[in-house]
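Me: I would like to go through this structure slowly, one question at a time, with the reasoning set out before each result.

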Amino acid sequence: MGTAEHAAEKVSSSTPACVPRVASSQIKFRIKSLRGASLLSLCVALSTPNIKRGRIRSNQCSLLPISHSPPNRIESNPRDQALSGGSEEPMEAEACEITRLPEELLSAALSRTSPRDACRAATVSPAFRDAADSDAVWACFLPRDLPPLADGELPPAPPPPCKKNLFLRLSDSGSPLLLPDKLVSMWLDRDTGAKCYMLSARELSIVWGDTPQYWSWIPLADSRFSEGAQLLHVCWFDISGKIPCKMLSQDTIYAAYIVFKVNEHFLGLDYPVQEASVSVGETNLTRKVCLQSNDEDENEAGAVPRHYWPVRSYPPQRTRRRNRRVVPPHGENVGLPLKRADGWMELELGEFFNAGDGEDGEVSFSLMETKGGNWKSGLIVQGIEIRRKKSG
(Lines give C-alpha, C1' and ligand atoms only; values in the text may rest on other atoms or scores of the structure.)
Protein backbone atom coordinates (compact mmCIF):
# COMPACT_ATOMS: atom_id res chain seq x y z
CA MET A 1 0.00 0.00 0.00
CA GLY A 2 1.44 3.39 -0.98
CA THR A 3 1.80 6.47 1.22
CA ALA A 4 -1.41 8.04 -0.06
CA GLU A 5 -3.48 4.87 0.42
CA HIS A 6 -2.06 4.23 3.89
CA ALA A 7 -2.76 7.83 4.89
CA ALA A 8 -6.29 7.60 3.58
CA GLU A 9 -7.02 4.52 5.70
CA LYS A 10 -5.64 6.18 8.81
CA VAL A 11 -7.49 9.46 8.34
CA SER A 12 -10.76 7.63 7.72
CA SER A 13 -10.43 5.82 11.04
CA SER A 14 -9.03 8.76 13.02
CA THR A 15 -11.35 11.53 11.88
CA PRO A 16 -12.92 13.23 14.94
CA ALA A 17 -16.51 12.24 15.69
CA CYS A 18 -17.75 15.78 15.10
CA VAL A 19 -16.51 15.64 11.49
CA PRO A 20 -18.65 13.72 8.99
CA ARG A 21 -16.94 10.47 7.99
CA VAL A 22 -15.48 10.34 4.48
CA ALA A 23 -15.01 7.02 2.74
CA SER A 24 -11.36 6.01 2.48
CA SER A 25 -11.78 5.40 -1.24
CA GLN A 26 -12.83 9.04 -1.66
CA ILE A 27 -9.81 10.22 0.31
CA LYS A 28 -7.52 8.07 -1.82
CA PHE A 29 -8.95 9.63 -4.94
CA ARG A 30 -8.51 13.15 -3.58
CA ILE A 31 -4.93 12.54 -2.47
CA LYS A 32 -3.98 11.21 -5.89
CA SER A 33 -5.83 13.85 -7.90
CA LEU A 34 -5.23 17.00 -5.89
CA ARG A 35 -1.92 18.82 -5.89
CA GLY A 36 -0.14 21.29 -3.65
CA ALA A 37 -2.30 23.82 -1.86
CA SER A 38 -5.52 22.00 -2.76
CA LEU A 39 -4.39 18.81 -1.04
CA LEU A 40 -3.16 20.70 1.99
CA SER A 41 -6.54 22.44 2.14
CA LEU A 42 -8.13 18.98 2.21
CA CYS A 43 -6.05 18.17 5.29
CA VAL A 44 -7.31 21.32 6.99
CA ALA A 45 -10.90 20.60 6.04
CA LEU A 46 -10.75 17.05 7.40
CA SER A 47 -9.20 18.16 10.69
CA THR A 48 -11.27 21.22 11.57
CA PRO A 49 -14.82 20.69 12.85
CA ASN A 50 -17.49 23.28 12.13
CA ILE A 51 -15.16 24.89 9.60
CA LYS A 52 -17.96 27.19 8.43
CA ARG A 53 -17.74 29.01 11.75
CA GLY A 54 -14.22 30.27 11.27
CA ARG A 55 -10.94 29.68 9.51
CA ILE A 56 -7.47 28.40 10.35
CA ARG A 57 -5.03 31.19 11.07
CA SER A 58 -2.19 31.80 8.64
CA ASN A 59 0.50 30.81 11.15
CA GLN A 60 -1.17 27.39 11.26
CA CYS A 61 -1.07 27.04 7.47
CA SER A 62 1.38 29.14 5.47
CA LEU A 63 -0.71 28.83 2.31
CA LEU A 64 -3.50 31.03 3.77
CA PRO A 65 -3.39 34.86 3.91
CA ILE A 66 -1.34 36.46 6.63
CA SER A 67 -3.25 37.74 9.64
CA HIS A 68 -2.10 39.64 12.70
CA SER A 69 -4.42 38.07 15.26
CA PRO A 70 -2.94 36.32 18.31
CA PRO A 71 -1.53 32.85 17.50
CA ASN A 72 -3.26 29.52 18.11
CA ARG A 73 -6.74 30.92 17.66
CA ILE A 74 -9.47 30.48 15.11
CA GLU A 75 -11.33 33.69 14.45
CA SER A 76 -15.06 33.20 14.83
CA ASN A 77 -17.59 34.52 12.39
CA PRO A 78 -19.73 37.41 13.80
CA ARG A 79 -22.73 36.06 11.92
CA ASP A 80 -22.38 32.70 13.70
CA GLN A 81 -22.18 34.51 17.03
CA ALA A 82 -25.46 36.25 16.32
CA LEU A 83 -27.13 32.98 15.35
CA SER A 84 -25.96 31.39 18.59
CA GLY A 85 -27.27 34.19 20.73
CA GLY A 86 -24.06 36.18 20.91
CA SER A 87 -22.05 33.65 22.91
CA GLU A 88 -18.61 32.78 21.57
CA GLU A 89 -17.44 29.25 22.28
CA PRO A 90 -13.73 28.63 22.85
CA MET A 91 -12.10 27.86 19.54
CA GLU A 92 -8.57 27.02 20.70
CA ALA A 93 -9.32 23.32 21.07
CA GLU A 94 -10.67 23.11 17.54
CA ALA A 95 -7.45 24.65 16.22
CA CYS A 96 -5.59 21.67 17.63
CA GLU A 97 -7.65 19.13 15.70
CA ILE A 98 -5.20 19.34 12.81
CA THR A 99 -2.59 17.68 15.00
CA ARG A 100 -4.74 14.53 14.99
CA LEU A 101 -4.11 13.98 11.30
CA PRO A 102 -1.70 11.10 10.61
CA GLU A 103 1.78 12.15 9.61
CA GLU A 104 1.47 10.12 6.39
CA LEU A 105 -1.40 12.31 5.20
CA LEU A 106 0.44 15.54 5.99
CA SER A 107 3.56 14.21 4.25
CA ALA A 108 1.53 13.21 1.19
CA ALA A 109 0.11 16.73 1.03
CA LEU A 110 3.38 18.57 1.60
CA SER A 111 5.26 16.44 -0.94
CA ARG A 112 2.98 17.91 -3.60
CA THR A 113 3.78 21.52 -2.72
CA SER A 114 7.29 23.00 -2.99
CA PRO A 115 10.46 23.08 -0.87
CA ARG A 116 9.67 26.63 0.23
CA ASP A 117 6.13 25.72 1.32
CA ALA A 118 7.43 22.67 3.18
CA CYS A 119 9.85 24.85 5.14
CA ARG A 120 7.07 27.28 5.98
CA ALA A 121 4.74 24.46 7.03
CA ALA A 122 7.39 23.25 9.50
CA THR A 123 6.69 26.38 11.60
CA VAL A 124 2.97 25.63 11.98
CA SER A 125 3.10 23.05 14.76
CA PRO A 126 5.19 20.09 15.97
CA ALA A 127 2.97 17.74 13.97
CA PHE A 128 3.52 19.75 10.81
CA ARG A 129 7.24 19.99 11.52
CA ASP A 130 7.60 16.23 11.81
CA ALA A 131 5.80 15.74 8.50
CA ALA A 132 7.51 18.66 6.71
CA ASP A 133 11.00 17.48 7.69
CA SER A 134 10.40 13.82 6.83
CA ASP A 135 12.40 12.02 4.16
CA ALA A 136 9.13 11.11 2.43
CA VAL A 137 8.57 14.81 1.64
CA TRP A 138 12.11 15.82 0.67
CA ALA A 139 12.73 12.74 -1.44
CA CYS A 140 10.01 14.11 -3.73
CA PHE A 141 11.90 17.41 -4.11
CA LEU A 142 15.20 15.77 -5.05
CA PRO A 143 15.57 15.00 -8.79
CA ARG A 144 15.72 11.30 -9.53
CA ASP A 145 18.39 11.79 -12.21
CA LEU A 146 21.05 13.83 -10.43
CA PRO A 147 24.29 13.93 -12.45
CA PRO A 148 27.41 12.28 -10.99
CA LEU A 149 29.63 14.63 -9.01
CA ALA A 150 33.38 14.95 -8.75
CA ASP A 151 35.09 13.03 -5.96
CA GLY A 152 34.85 14.79 -2.63
CA GLU A 153 32.24 17.31 -3.76
CA LEU A 154 29.55 15.93 -1.47
CA PRO A 155 31.13 14.60 1.74
CA PRO A 156 29.05 12.20 3.84
CA ALA A 157 26.51 13.98 6.02
CA PRO A 158 26.68 13.47 9.78
CA PRO A 159 24.30 10.76 11.01
CA PRO A 160 21.43 10.32 10.85
CA PRO A 161 21.19 10.95 7.08
CA CYS A 162 18.47 13.40 6.14
CA LYS A 163 16.97 14.14 2.73
CA LYS A 164 16.23 17.72 3.73
CA ASN A 165 19.87 18.42 4.60
CA LEU A 166 20.93 16.85 1.31
CA PHE A 167 18.53 19.11 -0.57
CA LEU A 168 19.76 22.21 1.26
CA ARG A 169 23.37 21.33 0.42
CA LEU A 170 22.57 20.71 -3.24
CA SER A 171 20.60 23.95 -3.45
CA ASP A 172 23.39 26.16 -2.10
CA SER A 173 23.89 28.32 -5.19
CA GLY A 174 26.76 30.13 -3.48
CA SER A 175 28.79 26.93 -3.49
CA PRO A 176 27.77 24.84 -6.52
CA LEU A 177 29.08 21.30 -6.93
CA LEU A 178 31.51 20.29 -9.66
CA LEU A 179 30.84 17.46 -12.09
CA PRO A 180 33.61 14.88 -12.67
CA ASP A 181 35.43 16.86 -15.38
CA LYS A 182 35.38 19.96 -13.12
CA LEU A 183 34.40 22.09 -16.11
CA VAL A 184 30.70 22.21 -15.20
CA SER A 185 29.06 22.97 -11.86
CA MET A 186 25.50 22.28 -10.75
CA TRP A 187 23.05 23.08 -8.00
CA LEU A 188 19.30 22.86 -7.39
CA ASP A 189 16.91 25.76 -7.46
CA ARG A 190 15.83 26.17 -3.84
CA ASP A 191 12.25 27.13 -4.70
CA THR A 192 11.45 24.24 -7.04
CA GLY A 193 14.32 21.74 -7.03
CA ALA A 194 15.06 22.39 -10.73
CA LYS A 195 18.59 21.49 -11.85
CA CYS A 196 20.84 24.44 -12.69
CA TYR A 197 24.31 24.51 -14.25
CA MET A 198 27.24 26.71 -15.11
CA LEU A 199 29.51 25.85 -18.01
CA SER A 200 33.04 27.11 -17.38
CA ALA A 201 34.88 29.18 -19.97
CA ARG A 202 36.88 26.05 -20.85
CA GLU A 203 33.63 24.27 -21.68
CA LEU A 204 32.57 27.03 -24.09
CA SER A 205 33.55 27.61 -27.70
CA ILE A 206 35.49 30.88 -27.93
CA VAL A 207 36.68 31.99 -31.36
CA TRP A 208 40.47 32.56 -31.15
CA GLY A 209 40.29 31.34 -27.52
CA ASP A 210 43.42 29.21 -27.92
CA THR A 211 45.43 31.97 -29.58
CA PRO A 212 47.57 33.72 -26.93
CA GLN A 213 47.66 36.85 -29.05
CA TYR A 214 43.91 37.36 -28.54
CA TRP A 215 42.88 35.48 -25.39
CA SER A 216 44.70 34.36 -22.25
CA TRP A 217 43.72 31.95 -19.47
CA ILE A 218 44.05 33.28 -15.95
CA PRO A 219 43.47 31.68 -12.51
CA LEU A 220 40.25 32.57 -10.70
CA ALA A 221 40.34 32.90 -6.92
CA ASP A 222 36.60 33.62 -6.52
CA SER A 223 35.12 30.80 -8.58
CA ARG A 224 34.58 27.03 -8.38
CA PHE A 225 36.51 26.82 -11.65
CA SER A 226 40.27 27.00 -11.62
CA GLU A 227 40.62 29.39 -14.56
CA GLY A 228 38.78 31.85 -16.74
CA ALA A 229 39.23 33.41 -20.17
CA GLN A 230 40.59 36.96 -20.43
CA LEU A 231 40.05 38.89 -23.63
CA LEU A 232 43.23 40.65 -24.79
CA HIS A 233 42.41 42.08 -28.21
CA VAL A 234 39.91 40.86 -30.83
CA CYS A 235 37.68 42.48 -33.38
CA TRP A 236 35.72 39.25 -34.03
CA PHE A 237 33.94 38.46 -30.76
CA ASP A 238 32.11 35.11 -30.62
CA ILE A 239 31.36 32.92 -27.56
CA SER A 240 28.94 29.99 -27.66
CA GLY A 241 27.98 26.88 -25.71
CA LYS A 242 25.40 24.11 -25.48
CA ILE A 243 23.89 21.67 -23.01
CA PRO A 244 21.74 18.55 -23.52
CA CYS A 245 18.05 19.05 -22.73
CA LYS A 246 17.96 15.82 -20.73
CA MET A 247 20.35 17.33 -18.16
CA LEU A 248 17.72 19.96 -17.32
CA SER A 249 14.47 19.64 -15.39
CA GLN A 250 11.24 19.00 -17.24
CA ASP A 251 8.50 21.59 -17.72
CA THR A 252 10.76 24.41 -16.56
CA ILE A 253 11.49 27.88 -17.93
CA TYR A 254 15.23 28.52 -17.97
CA ALA A 255 17.43 31.48 -18.83
CA ALA A 256 21.08 31.58 -19.90
CA TYR A 257 23.47 34.18 -18.47
CA ILE A 258 27.08 34.96 -19.26
CA VAL A 259 28.99 35.55 -16.00
CA PHE A 260 31.93 37.93 -16.37
CA LYS A 261 34.01 40.82 -15.11
CA VAL A 262 35.76 43.66 -16.85
CA ASN A 263 39.20 44.96 -15.89
CA GLU A 264 40.27 48.59 -15.75
CA HIS A 265 41.62 48.47 -19.30
CA PHE A 266 38.41 47.34 -20.99
CA LEU A 267 37.49 48.81 -24.35
CA GLY A 268 35.01 48.22 -27.16
CA LEU A 269 32.50 46.38 -24.95
CA ASP A 270 29.95 49.19 -24.87
CA TYR A 271 29.67 49.87 -28.61
CA PRO A 272 28.52 48.38 -30.91
CA VAL A 273 26.00 46.31 -28.94
CA GLN A 274 26.28 42.54 -29.10
CA GLU A 275 23.79 39.93 -30.29
CA ALA A 276 22.71 37.15 -27.93
CA SER A 277 20.82 34.06 -29.05
CA VAL A 278 19.27 30.97 -27.48
CA SER A 279 17.98 28.10 -29.60
CA VAL A 280 16.12 24.88 -28.76
CA GLY A 281 15.22 22.59 -31.64
CA GLU A 282 13.80 24.77 -34.40
CA THR A 283 13.19 27.74 -32.09
CA ASN A 284 15.85 30.44 -32.18
CA LEU A 285 15.48 33.67 -30.20
CA THR A 286 17.87 36.62 -30.49
CA ARG A 287 18.14 39.88 -28.61
CA LYS A 288 20.43 42.90 -28.45
CA VAL A 289 22.59 43.14 -25.34
CA CYS A 290 25.56 45.16 -24.16
CA LEU A 291 28.33 43.95 -21.86
CA GLN A 292 29.13 47.46 -20.65
CA SER A 293 26.73 50.37 -20.45
CA ASN A 294 28.19 53.60 -21.83
CA ASP A 295 25.70 55.84 -20.00
CA GLU A 296 27.83 56.20 -16.88
CA ASP A 297 30.96 57.07 -18.84
CA GLU A 298 29.57 59.70 -21.15
CA ASN A 299 28.72 63.28 -20.23
CA GLU A 300 27.74 64.26 -23.75
CA ALA A 301 24.74 62.71 -25.46
CA GLY A 302 25.69 60.92 -28.65
CA ALA A 303 29.43 61.00 -27.96
CA VAL A 304 31.75 58.20 -28.94
CA PRO A 305 32.46 55.95 -25.93
CA ARG A 306 35.75 56.58 -24.24
CA HIS A 307 37.07 53.12 -25.05
CA TYR A 308 36.07 53.03 -28.72
CA TRP A 309 38.81 52.16 -31.21
CA PRO A 310 38.14 52.28 -34.95
CA VAL A 311 39.21 49.44 -37.23
CA ARG A 312 42.93 49.47 -37.94
CA SER A 313 45.78 47.01 -38.15
CA TYR A 314 46.80 45.17 -35.02
CA PRO A 315 48.11 46.12 -32.54
CA PRO A 316 45.69 48.99 -32.01
CA GLN A 317 46.95 52.24 -30.58
CA ARG A 318 44.84 54.35 -28.25
CA THR A 319 43.52 57.39 -30.07
CA ARG A 320 41.90 60.52 -28.84
CA ARG A 321 38.20 60.51 -28.32
CA ARG A 322 36.38 61.65 -31.47
CA ASN A 323 33.25 63.38 -30.27
CA ARG A 324 32.09 64.11 -33.80
CA ARG A 325 31.00 60.51 -34.32
CA VAL A 326 27.46 59.85 -33.09
CA VAL A 327 26.76 56.68 -31.10
CA PRO A 328 23.14 55.50 -31.00
CA PRO A 329 21.74 55.17 -27.47
CA HIS A 330 21.28 51.65 -26.20
CA GLY A 331 17.53 52.05 -25.88
CA GLU A 332 15.03 50.12 -23.80
CA ASN A 333 15.29 46.95 -25.89
CA VAL A 334 18.98 46.37 -25.19
CA GLY A 335 19.75 44.03 -22.30
CA LEU A 336 22.31 45.32 -19.79
CA PRO A 337 24.33 43.43 -17.15
CA LEU A 338 23.52 43.23 -13.45
CA LYS A 339 25.82 42.94 -10.44
CA ARG A 340 25.66 39.58 -8.64
CA ALA A 341 26.01 38.95 -4.92
CA ASP A 342 29.30 37.11 -5.54
CA GLY A 343 30.92 40.20 -7.09
CA TRP A 344 30.63 39.06 -10.71
CA MET A 345 28.40 40.55 -13.41
CA GLU A 346 25.78 38.64 -15.36
CA LEU A 347 24.05 39.38 -18.64
CA GLU A 348 20.96 37.46 -19.71
CA LEU A 349 21.31 35.95 -23.17
CA GLY A 350 17.73 34.70 -23.42
CA GLU A 351 15.21 32.28 -21.97
CA PHE A 352 13.70 29.00 -23.13
CA PHE A 353 11.23 26.33 -22.05
CA ASN A 354 12.50 22.81 -21.48
CA ALA A 355 9.59 20.45 -22.07
CA GLY A 356 11.66 17.38 -21.23
CA ASP A 357 9.76 15.11 -23.60
CA GLY A 358 12.56 12.57 -23.70
CA GLU A 359 14.16 13.74 -26.94
CA ASP A 360 17.93 13.90 -27.17
CA GLY A 361 17.95 17.59 -28.13
CA GLU A 362 20.20 20.32 -26.85
CA VAL A 363 20.05 24.00 -25.97
CA SER A 364 22.53 26.30 -27.72
CA PHE A 365 23.40 29.86 -26.71
CA SER A 366 25.83 32.44 -28.02
CA LEU A 367 27.05 36.01 -27.63
CA MET A 368 28.76 37.71 -30.55
CA GLU A 369 29.70 41.00 -32.19
CA THR A 370 31.29 40.52 -35.60
CA LYS A 371 29.88 43.41 -37.66
CA GLY A 372 31.33 46.54 -36.08
CA GLY A 373 34.96 45.58 -36.55
CA ASN A 374 36.25 47.62 -33.60
CA TRP A 375 38.79 46.15 -31.21
CA LYS A 376 37.62 44.80 -27.88
CA SER A 377 39.54 44.07 -24.70
CA GLY A 378 39.34 43.67 -20.94
CA LEU A 379 36.61 41.03 -20.60
CA ILE A 380 37.08 38.15 -18.10
CA VAL A 381 34.68 35.25 -18.64
CA GLN A 382 33.89 32.76 -15.87
CA GLY A 383 31.25 30.87 -17.84
CA ILE A 384 27.62 30.69 -18.91
CA GLU A 385 24.98 29.87 -16.32
CA ILE A 386 21.71 28.07 -17.08
CA ARG A 387 19.20 28.40 -14.25
CA ARG A 388 15.46 28.51 -13.69
CA LYS A 389 13.95 31.83 -14.72
CA LYS A 390 12.18 33.36 -11.77
CA SER A 391 8.86 35.04 -12.48
CA GLY A 392 8.73 38.78 -12.11
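Me: Is K390 buried, partly exposed or exposed, and what is its relative accessible area?
Reply: Please keep in mind throughout that this is a predicted model. A residue counts as buried under 20% relative accessible area and as exposed over 50%, with partly exposed in between. Because its value lies in between, K390 is partly exposed, with a relative accessible area of 47%.

Me: With which residue does K390 form a salt bridge, and how far apart are the closest N and O atoms?
Reply: Side chains of opposite charge can pair when their charged atoms come close. Here the partner of K390 is D191, which is itself buried, with a relative accessible area of 19%. The salt bridge thus joins K390 to D191, and the closest N and O atoms are 3.4 Å apart.

Me: How many residues apart are D191 and K390 along the chain?
Reply: D191 is found in the loop between β4 and β5 (195-200), whereas K390 belongs to the segment after β17 (377-388). The pair therefore links distant parts of the chain, with D191 and K390 lying 199 residues apart.

Me: Which salt bridge in helix α7 joins residues three apart, and which of its two residues is buried?
Reply: R120 and D117 both lie in helix α7, and their spacing of three residues is about one turn of the helix. Their side chains meet in a salt bridge of 3.8 Å, N to O. R120 is partly exposed, at a relative accessible area of 41%, whereas a value of 18% puts the other partner among the buried residues, and that partner is D117.

Me: Are the partners E346 and R340 buried or exposed, and what is the distance between their closest N and O atoms?
Reply: E346 has a relative accessible area of 11%, so this residue is buried. R340, at 18%, is buried as well. The closest N and O atoms of their salt bridge are 2.8 Å apart.

Me: Which residues of helix α10 are buried, and why can they be placed on the same side of the helix?
Reply: The buried residues of α10 (residues 163-170) are K164, F167 and L170. They cover an arc of only 130 degrees around the axis, which puts them on the same side of α10. Among the elements that cover these buried residues are α7 (115-121), α9 (135-141), β3 (177-178) and β4 (184-188). The residues asked for are therefore K164, F167 and L170, and the arc behind the placement is 130 degrees.

Me: Which strands stand at the edges of the open sheet of six strands?
Reply: The order of this sheet is β6-β9-β16-β11-β12-β13, with mixed pairing. Each edge strand has a single partner strand, so one side of each is left without a neighbour in the sheet, and the two strands in question are β6 (205-206) and β13 (334-335).

Me: Which residue of β16 is the bridge partner of G241?
Reply: Strand β9 (residues 237-244) pairs with strand β16 (residues 362-369) in the antiparallel sense, over eight bridges. Within β16, the bridge partner of G241 is F365.

Me: Which strand gives the largest share of the largest nonpolar core?
Reply: In soluble globular proteins, nonpolar side chains tend to be buried together. The largest nonpolar core here has 58 residues, and those touching the most other members are W215, I258, L291, L349, F365 and V381. Its largest share, five residues, comes from strand β10 (residues 252-267).

Note on methods
Residues are numbered from 1 along each chain as its sequence is written. This is a predicted model: local features need pLDDT of at least 70, side-chain atom pairs count only at pLDDT 80 or more; totals for chains, interfaces and linings use all residues. Side-chain values use heavy atoms; hydrogens and water are left out. Buried means under 20% relative accessible area, exposed over 50%, partly exposed in between (1.4 Å probe, protein chains only). Helices (H or I, at least four residues) and strands (E, at least two) are DSSP runs, numbered from the N terminus. The arc is that of the directions from the helix axis to the C-beta atoms. Contact means heavy atoms within 4.5 Å. A salt bridge is a side-chain nitrogen of Lys or Arg within 4 Å of a carboxyl oxygen of Asp or Glu. Two strands pair if DSSP finds at least two bridges between them. A nonpolar core is a set of buried Ala, Val, Leu, Ile, Met, Phe, Trp, Tyr and Cys residues joined through side-chain atoms within 4.5 Å.
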